[in-house]
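Visitor: Please take me through the ligand site in close detail. What surrounds the ligand, and what touches it?

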Amino acid sequence: METKKVMLSGIKPSGSLTLGSYLGAIRNWKDRAKEFDCYYFLADLHAITVRQNPADLRRCTMEQLAQYIACGLDPEKNTLFIQSHVHQHAELGWVLNCYAMFGELSRMTQFKDKSAKNADNINGGLFTYPALMAADILLYQPDLVPVGDDQRQHVELTRDIAIRFNHLYGDTFKVPEPYIPKVGARIRSLANPEAKMSKSENDDPGRVTLMDSPDTIMRLFKRAVTDCDACVRYDPENKKGVSNLMTIYAACSGKSFPEIEAEFEGRGYGDFKLAVGEAVVELLRPIREEASRLLMDRSYLETVCKNGAEKAEYIANKTLRKVYKKVGFVAKFN
Ligand code: AQP
(Lines give C-alpha, C1' and ligand atoms only; values in the text may rest on other atoms or scores of the structure.)
Protein backbone atom coordinates (compact mmCIF):
# COMPACT_ATOMS: atom_id res chain seq x y z
CA MET A 1 0.00 0.00 0.00
CA GLU A 2 1.29 3.46 -0.92
CA THR A 3 1.85 5.61 2.17
CA LYS A 4 0.70 9.19 2.00
CA LYS A 5 3.01 12.12 2.65
CA VAL A 6 2.54 13.80 6.03
CA MET A 7 1.47 17.38 6.69
CA LEU A 8 1.25 19.17 10.02
CA SER A 9 0.31 22.58 11.38
CA GLY A 10 -1.06 24.18 14.53
CA ILE A 11 -2.45 27.38 16.02
CA LYS A 12 -2.18 28.72 19.59
CA PRO A 13 -5.56 29.01 21.34
CA SER A 14 -4.46 32.42 22.61
CA GLY A 15 -7.70 34.18 21.63
CA SER A 16 -10.51 33.98 19.10
CA LEU A 17 -9.44 32.80 15.66
CA THR A 18 -9.41 35.67 13.18
CA LEU A 19 -9.99 36.16 9.50
CA GLY A 20 -6.17 36.17 9.33
CA SER A 21 -5.94 32.73 10.98
CA TYR A 22 -8.46 31.43 8.45
CA LEU A 23 -7.06 32.97 5.26
CA GLY A 24 -3.41 32.63 6.25
CA ALA A 25 -3.61 29.13 7.69
CA ILE A 26 -6.73 26.99 8.08
CA ARG A 27 -8.14 27.57 4.61
CA ASN A 28 -4.98 26.11 3.12
CA TRP A 29 -5.35 22.99 5.24
CA LYS A 30 -8.74 22.07 3.87
CA ASP A 31 -8.94 19.31 1.29
CA ARG A 32 -5.33 18.28 1.87
CA ALA A 33 -6.43 15.00 3.43
CA LYS A 34 -6.86 13.45 -0.03
CA GLU A 35 -3.17 13.82 -0.69
CA PHE A 36 -1.62 13.94 2.79
CA ASP A 37 -1.91 12.30 6.18
CA CYS A 38 -2.78 15.53 8.05
CA TYR A 39 -2.13 16.46 11.69
CA TYR A 40 -3.58 19.71 13.05
CA PHE A 41 -3.10 20.61 16.69
CA LEU A 42 -4.19 23.26 19.16
CA ALA A 43 -0.93 24.65 20.51
CA ASP A 44 -1.91 25.23 24.14
CA LEU A 45 1.66 24.68 25.45
CA HIS A 46 2.74 27.64 23.34
CA ALA A 47 -0.16 29.81 24.50
CA ILE A 48 1.19 30.06 28.07
CA THR A 49 4.40 31.85 27.10
CA VAL A 50 2.11 34.86 27.55
CA ARG A 51 -0.11 34.99 30.67
CA GLN A 52 -3.50 33.42 29.99
CA ASN A 53 -6.60 33.38 32.10
CA PRO A 54 -7.03 29.59 32.69
CA ALA A 55 -10.80 29.59 32.09
CA ASP A 56 -10.37 31.58 28.87
CA LEU A 57 -7.63 29.26 27.66
CA ARG A 58 -9.86 26.21 28.20
CA ARG A 59 -12.77 27.93 26.44
CA CYS A 60 -10.65 29.14 23.50
CA THR A 61 -9.14 25.67 23.06
CA MET A 62 -12.52 23.94 22.72
CA GLU A 63 -13.88 26.81 20.62
CA GLN A 64 -10.89 26.52 18.31
CA LEU A 65 -11.43 22.79 17.93
CA ALA A 66 -15.06 23.41 16.94
CA GLN A 67 -13.86 26.06 14.49
CA TYR A 68 -11.27 23.72 12.92
CA ILE A 69 -14.08 21.26 12.20
CA ALA A 70 -16.46 24.00 11.05
CA CYS A 71 -13.77 25.26 8.67
CA GLY A 72 -13.86 21.90 6.95
CA LEU A 73 -11.30 19.77 8.78
CA ASP A 74 -13.19 16.50 9.04
CA PRO A 75 -11.92 14.60 12.13
CA GLU A 76 -12.50 11.32 10.29
CA LYS A 77 -9.99 12.36 7.65
CA ASN A 78 -7.58 14.54 9.67
CA THR A 79 -5.95 14.02 13.05
CA LEU A 80 -7.05 16.89 15.30
CA PHE A 81 -5.58 17.05 18.79
CA ILE A 82 -4.68 19.23 21.74
CA GLN A 83 -0.91 19.60 22.09
CA SER A 84 -0.80 19.11 25.89
CA HIS A 85 -2.62 15.76 25.48
CA VAL A 86 0.45 14.34 23.73
CA HIS A 87 3.25 14.55 26.29
CA GLN A 88 5.92 13.71 23.71
CA HIS A 89 5.80 17.36 22.53
CA ALA A 90 7.14 18.65 25.85
CA GLU A 91 9.68 15.84 26.08
CA LEU A 92 11.17 16.27 22.61
CA GLY A 93 10.95 20.04 23.13
CA TRP A 94 13.38 19.70 26.03
CA VAL A 95 15.81 17.57 24.03
CA LEU A 96 15.76 19.98 21.09
CA ASN A 97 16.38 22.89 23.44
CA CYS A 98 19.83 21.37 23.80
CA TYR A 99 20.35 21.54 20.02
CA ALA A 100 19.03 25.09 19.46
CA MET A 101 21.64 27.80 19.85
CA PHE A 102 21.28 30.92 21.98
CA GLY A 103 22.11 33.12 18.96
CA GLU A 104 19.45 31.44 16.82
CA LEU A 105 16.79 31.85 19.49
CA SER A 106 17.71 35.50 20.09
CA ARG A 107 17.16 36.31 16.42
CA MET A 108 13.53 35.16 16.36
CA THR A 109 11.24 38.03 15.46
CA GLN A 110 8.43 36.67 17.63
CA PHE A 111 10.70 36.68 20.69
CA LYS A 112 11.61 40.30 20.06
CA ASP A 113 7.97 41.34 19.43
CA LYS A 114 6.47 39.48 22.35
CA SER A 115 9.23 40.60 24.78
CA ALA A 116 8.53 44.20 23.82
CA LYS A 117 4.78 43.70 24.36
CA ASN A 118 5.19 41.77 27.64
CA ALA A 119 8.12 43.55 29.23
CA ASP A 120 7.03 42.42 32.72
CA ASN A 121 7.01 38.73 31.74
CA ILE A 122 9.97 37.89 29.51
CA ASN A 123 10.03 34.28 30.64
CA GLY A 124 12.19 31.35 29.50
CA GLY A 125 9.36 29.87 27.44
CA LEU A 126 9.09 33.04 25.38
CA PHE A 127 12.74 32.54 24.45
CA THR A 128 12.88 28.77 23.92
CA TYR A 129 9.48 28.18 22.29
CA PRO A 130 11.09 27.64 18.81
CA ALA A 131 12.65 24.41 20.13
CA LEU A 132 9.19 23.24 21.21
CA MET A 133 7.89 24.26 17.81
CA ALA A 134 10.65 22.21 16.18
CA ALA A 135 9.56 19.26 18.33
CA ASP A 136 5.90 19.78 17.36
CA ILE A 137 6.89 19.45 13.74
CA LEU A 138 9.64 16.82 13.81
CA LEU A 139 7.70 14.34 15.97
CA TYR A 140 5.44 13.59 12.99
CA GLN A 141 8.19 13.52 10.32
CA PRO A 142 6.08 15.72 8.02
CA ASP A 143 6.95 16.42 4.39
CA LEU A 144 5.11 19.75 4.40
CA VAL A 145 4.39 22.43 7.01
CA PRO A 146 1.89 25.01 5.79
CA VAL A 147 2.29 28.32 7.63
CA GLY A 148 1.68 32.04 7.20
CA ASP A 149 4.48 34.23 5.95
CA ASP A 150 5.30 35.34 9.54
CA GLN A 151 6.11 31.75 10.54
CA ARG A 152 8.72 31.08 7.86
CA GLN A 153 11.54 31.76 10.33
CA HIS A 154 10.27 29.02 12.65
CA VAL A 155 10.23 26.35 9.97
CA GLU A 156 13.70 27.44 8.86
CA LEU A 157 15.03 27.02 12.41
CA THR A 158 13.31 23.62 12.62
CA ARG A 159 15.12 22.59 9.46
CA ASP A 160 18.46 23.76 10.90
CA ILE A 161 17.88 21.83 14.14
CA ALA A 162 16.87 18.69 12.22
CA ILE A 163 19.93 18.90 9.97
CA ARG A 164 22.19 19.47 13.01
CA PHE A 165 20.72 16.50 14.87
CA ASN A 166 20.87 14.21 11.80
CA HIS A 167 24.48 15.21 11.25
CA LEU A 168 25.42 14.27 14.82
CA TYR A 169 23.44 11.05 15.18
CA GLY A 170 22.59 9.84 11.67
CA ASP A 171 19.24 10.06 9.91
CA THR A 172 16.60 10.70 12.56
CA PHE A 173 14.34 13.49 11.36
CA LYS A 174 12.83 14.20 7.98
CA VAL A 175 13.79 17.80 7.07
CA PRO A 176 10.42 19.52 6.42
CA GLU A 177 9.51 22.09 3.76
CA PRO A 178 7.51 25.20 4.62
CA TYR A 179 4.52 25.91 2.41
CA ILE A 180 3.54 29.58 2.32
CA PRO A 181 0.36 30.42 0.40
CA LYS A 182 0.60 33.30 -2.09
CA VAL A 183 -2.72 35.02 -1.34
CA GLY A 184 -3.67 35.67 2.27
CA ALA A 185 -0.20 34.93 3.64
CA ARG A 186 -0.41 38.00 5.88
CA ILE A 187 -3.68 39.71 6.75
CA ARG A 188 -3.32 43.02 8.55
CA SER A 189 -5.51 44.75 11.10
CA LEU A 190 -8.27 46.81 9.44
CA ALA A 191 -7.60 49.62 11.91
CA ASN A 192 -3.82 49.56 11.65
CA PRO A 193 -2.56 48.08 8.39
CA GLU A 194 1.02 48.32 9.69
CA ALA A 195 0.22 45.48 12.13
CA LYS A 196 -0.82 41.88 11.58
CA MET A 197 -4.38 40.91 12.49
CA SER A 198 -3.74 38.99 15.70
CA LYS A 199 -5.89 36.69 17.85
CA SER A 200 -4.61 38.00 21.13
CA GLU A 201 -5.09 41.72 20.38
CA ASN A 202 -8.51 41.87 22.06
CA ASP A 203 -8.71 45.63 21.92
CA ASP A 204 -7.78 45.95 18.24
CA PRO A 205 -10.77 47.61 16.55
CA GLY A 206 -9.54 46.18 13.24
CA ARG A 207 -9.71 42.50 14.17
CA VAL A 208 -12.37 40.30 12.54
CA THR A 209 -12.99 37.02 14.38
CA LEU A 210 -14.62 33.89 12.96
CA MET A 211 -17.50 34.22 15.41
CA ASP A 212 -18.29 37.90 14.68
CA SER A 213 -21.87 38.62 13.62
CA PRO A 214 -22.57 39.99 10.12
CA ASP A 215 -23.37 43.41 11.66
CA THR A 216 -20.06 43.54 13.49
CA ILE A 217 -18.16 42.51 10.37
CA MET A 218 -19.85 45.19 8.24
CA ARG A 219 -19.14 47.82 10.90
CA LEU A 220 -15.45 46.84 11.02
CA PHE A 221 -15.09 47.03 7.24
CA LYS A 222 -16.93 50.35 6.96
CA ARG A 223 -14.40 51.78 9.42
CA ALA A 224 -11.35 50.15 7.80
CA VAL A 225 -8.39 52.52 7.44
CA THR A 226 -7.59 53.39 3.81
CA ASP A 227 -5.99 56.62 2.47
CA CYS A 228 -7.08 59.87 0.83
CA ASP A 229 -6.27 58.73 -2.70
CA ALA A 230 -9.78 57.28 -3.40
CA CYS A 231 -8.31 54.80 -5.89
CA VAL A 232 -8.51 51.01 -5.50
CA ARG A 233 -5.00 50.00 -6.55
CA TYR A 234 -2.69 47.28 -5.22
CA ASP A 235 0.40 48.94 -3.80
CA PRO A 236 1.45 47.27 -0.53
CA GLU A 237 4.24 49.79 0.05
CA ASN A 238 2.29 53.04 -0.26
CA LYS A 239 -1.34 51.91 0.12
CA LYS A 240 -1.20 49.34 2.91
CA GLY A 241 -4.84 49.62 4.02
CA VAL A 242 -6.31 49.35 0.52
CA SER A 243 -3.89 46.57 -0.44
CA ASN A 244 -4.90 44.63 2.68
CA LEU A 245 -8.59 44.96 1.75
CA MET A 246 -7.76 43.85 -1.79
CA THR A 247 -5.91 40.81 -0.43
CA ILE A 248 -8.96 39.89 1.65
CA TYR A 249 -11.32 40.45 -1.29
CA ALA A 250 -9.10 38.42 -3.61
CA ALA A 251 -8.98 35.58 -1.10
CA CYS A 252 -12.79 35.59 -0.70
CA SER A 253 -13.72 36.02 -4.37
CA GLY A 254 -10.89 34.33 -6.22
CA LYS A 255 -10.48 37.51 -8.33
CA SER A 256 -7.04 38.78 -9.28
CA PHE A 257 -5.78 42.26 -8.27
CA PRO A 258 -6.18 43.69 -11.83
CA GLU A 259 -9.76 42.35 -11.93
CA ILE A 260 -10.51 44.03 -8.58
CA GLU A 261 -8.94 47.29 -9.76
CA ALA A 262 -11.13 47.20 -12.88
CA GLU A 263 -14.28 46.37 -10.87
CA PHE A 264 -13.90 49.40 -8.60
CA GLU A 265 -12.41 51.90 -11.04
CA GLY A 266 -13.86 55.36 -10.38
CA ARG A 267 -16.15 54.07 -7.61
CA GLY A 268 -14.32 55.30 -4.49
CA TYR A 269 -13.73 53.43 -1.25
CA GLY A 270 -17.30 53.34 0.12
CA ASP A 271 -18.53 50.76 -2.40
CA PHE A 272 -15.30 48.83 -2.18
CA LYS A 273 -15.41 48.48 1.63
CA LEU A 274 -19.04 47.33 1.47
CA ALA A 275 -18.20 44.71 -1.14
CA VAL A 276 -15.26 43.36 0.89
CA GLY A 277 -17.37 43.32 4.08
CA GLU A 278 -20.19 41.43 2.34
CA ALA A 279 -17.77 38.91 0.85
CA VAL A 280 -16.32 38.26 4.32
CA VAL A 281 -19.79 37.92 5.90
CA GLU A 282 -20.67 35.21 3.36
CA LEU A 283 -17.31 33.50 3.74
CA LEU A 284 -17.61 33.27 7.52
CA ARG A 285 -21.37 32.67 7.87
CA PRO A 286 -21.31 28.85 7.47
CA ILE A 287 -18.25 28.57 9.72
CA ARG A 288 -19.84 30.58 12.54
CA GLU A 289 -23.10 28.65 12.31
CA GLU A 290 -21.46 25.23 12.27
CA ALA A 291 -18.99 26.09 15.07
CA SER A 292 -21.87 27.32 17.25
CA ARG A 293 -23.73 24.07 16.64
CA LEU A 294 -20.68 21.93 17.44
CA LEU A 295 -20.01 23.83 20.67
CA MET A 296 -23.37 22.58 21.94
CA ASP A 297 -22.18 19.00 21.43
CA ARG A 298 -19.45 18.71 24.04
CA SER A 299 -19.31 14.92 24.06
CA TYR A 300 -18.63 14.85 20.29
CA LEU A 301 -15.76 17.36 20.71
CA GLU A 302 -14.33 15.29 23.57
CA THR A 303 -14.39 12.15 21.43
CA VAL A 304 -12.58 14.00 18.63
CA CYS A 305 -9.87 15.10 21.11
CA LYS A 306 -9.47 11.61 22.54
CA ASN A 307 -9.21 9.85 19.17
CA GLY A 308 -6.89 12.52 17.78
CA ALA A 309 -4.54 12.38 20.79
CA GLU A 310 -4.36 8.57 20.62
CA LYS A 311 -3.39 8.58 16.97
CA ALA A 312 -0.90 11.44 17.38
CA GLU A 313 0.68 9.84 20.44
CA TYR A 314 1.32 6.61 18.60
CA ILE A 315 3.36 8.37 15.89
CA ALA A 316 4.99 10.87 18.27
CA ASN A 317 6.14 8.09 20.56
CA LYS A 318 7.97 6.29 17.76
CA THR A 319 10.03 9.40 17.00
CA LEU A 320 10.70 10.17 20.66
CA ARG A 321 11.94 6.62 21.40
CA LYS A 322 14.30 6.88 18.42
CA VAL A 323 15.65 10.23 19.66
CA TYR A 324 16.11 9.02 23.26
CA LYS A 325 18.08 6.06 21.98
CA LYS A 326 20.25 8.21 19.70
CA VAL A 327 21.22 10.68 22.42
CA GLY A 328 22.13 7.85 24.81
CA PHE A 329 19.27 7.62 27.30
CA VAL A 330 18.91 4.19 28.91
CA ALA A 331 15.65 2.58 27.76
CA LYS A 332 12.97 2.11 30.41
CA PHE A 333 13.12 -1.32 32.13
CA ASN A 334 9.89 -3.29 31.98
N1 AQP B 1 -3.05 37.87 10.27
C2 AQP B 1 -2.62 36.74 9.76
N3 AQP B 1 -2.44 36.62 8.44
C4 AQP B 1 -2.01 35.47 7.90
N5 AQP B 1 -1.71 34.38 8.63
C6 AQP B 1 -1.88 34.45 9.95
N7 AQP B 1 -1.68 33.56 10.95
C8 AQP B 1 -2.01 34.11 12.13
N9 AQP B 1 -2.42 35.39 11.94
C10 AQP B 1 -2.34 35.63 10.60
C11 AQP B 1 -1.18 32.22 10.72
O12 AQP B 1 -1.85 31.33 11.59
C13 AQP B 1 -0.97 30.29 11.98
C14 AQP B 1 -1.03 30.09 13.47
O15 AQP B 1 -0.44 31.10 14.16
P16 AQP B 1 -0.40 31.10 15.75
O17 AQP B 1 -1.71 31.42 16.27
O18 AQP B 1 0.17 29.85 16.30
O19 AQP B 1 0.60 32.20 16.03
P20 AQP B 1 0.61 33.64 15.57
O21 AQP B 1 0.99 33.70 14.14
O22 AQP B 1 1.51 34.34 16.53
O23 AQP B 1 -0.89 34.13 15.73
P24 AQP B 1 -1.50 35.42 16.39
O25 AQP B 1 -2.90 35.51 15.92
O26 AQP B 1 -0.65 36.63 16.18
O27 AQP B 1 -1.54 35.00 17.88
P28 AQP B 1 -0.85 35.66 19.09
O29 AQP B 1 -1.41 37.03 19.12
O30 AQP B 1 -1.21 34.85 20.30
O31 AQP B 1 0.63 35.60 18.83
C32 AQP B 1 0.39 30.64 11.47
O33 AQP B 1 0.65 29.88 10.32
C34 AQP B 1 0.28 32.09 11.15
O35 AQP B 1 1.15 32.48 10.14
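Guide: A pocket here is an open set of grid points where a 1.4 Å probe fits, with protein on both sides within 12 Å along at least five of seven lines. A molecule sits in one if more than half of its atoms lie within 2 Å of its grid points. The model is predicted. In it, the ligand takes up the space of the largest pocket. Three elements each give two or more residues to the shell around the ligand: β1 (5-11), α1 (19-24) and α6 (109-117).

Now the shell itself. It counts 22 residues. The closest are Ser14, Lys114, Ser198, Lys199 and Ser200. Sorted by class, ten residues of the shell are polar, six are charged and six are nonpolar.

Next, the polar contacts. Methionine 197 uses a backbone N or O atom, 2.9 Å from a ligand nitrogen. Glycine 20 also offers a backbone N or O atom, and that atom lies 3.5 Å from a nitrogen of the ligand. Glutamine 151 works through its side chain: an N or O atom there is 3.0 Å from a ligand oxygen. How much of the ligand does the protein bury? Alone, the ligand exposes 630 Å², and the protein buries 96% of that.

One further feature concerns the aromatic rings. The whole structure holds 16 aromatic pairs. Take tyrosine 234 and phenylalanine 257: their ring centres are 3.9 Å apart and their planes meet at 10°, so this pair counts as stacked. Planes under 30 degrees apart qualify. The pair joins distant parts of the chain, 23 residues apart. Tyrosine 234 is in the loop between α9 (214-222) and α10 (240-253), while phenylalanine 257 belongs to helix α11 (residues 257-263).

Notes:
Residues numbered from 1 in each chain as written. Predicted model: local features only at pLDDT ≥ 70, side-chain atom pairs only at ≥ 80, totals over all residues. Heavy atoms only, no water. Near = heavy atom within 4 Å. Polar contact = N/O pair within 3.5 Å; in protein donor to acceptor, adjacent residues only side chain to side chain. Areas by Shrake-Rupley, 256 points an atom, 1.4 Å probe, with all protein chains shown as cover. 1 Å grid on protein atoms, 1.4 Å probe; cavity = no way out; pocket = protein on both sides within 12 Å on 5 of 7 lines; lining within 4 Å. Helix = DSSP H or I, 4+ residues; strand = E, 2+ residues; numbered from the N terminus. Nonpolar A, V, L, I, M, F, W, Y, C, P; charged D, E, K, R; others polar. Phe/Tyr/Trp six-rings, centres within 6.5 Å; stacked < 30°, edge-to-face > 60°.
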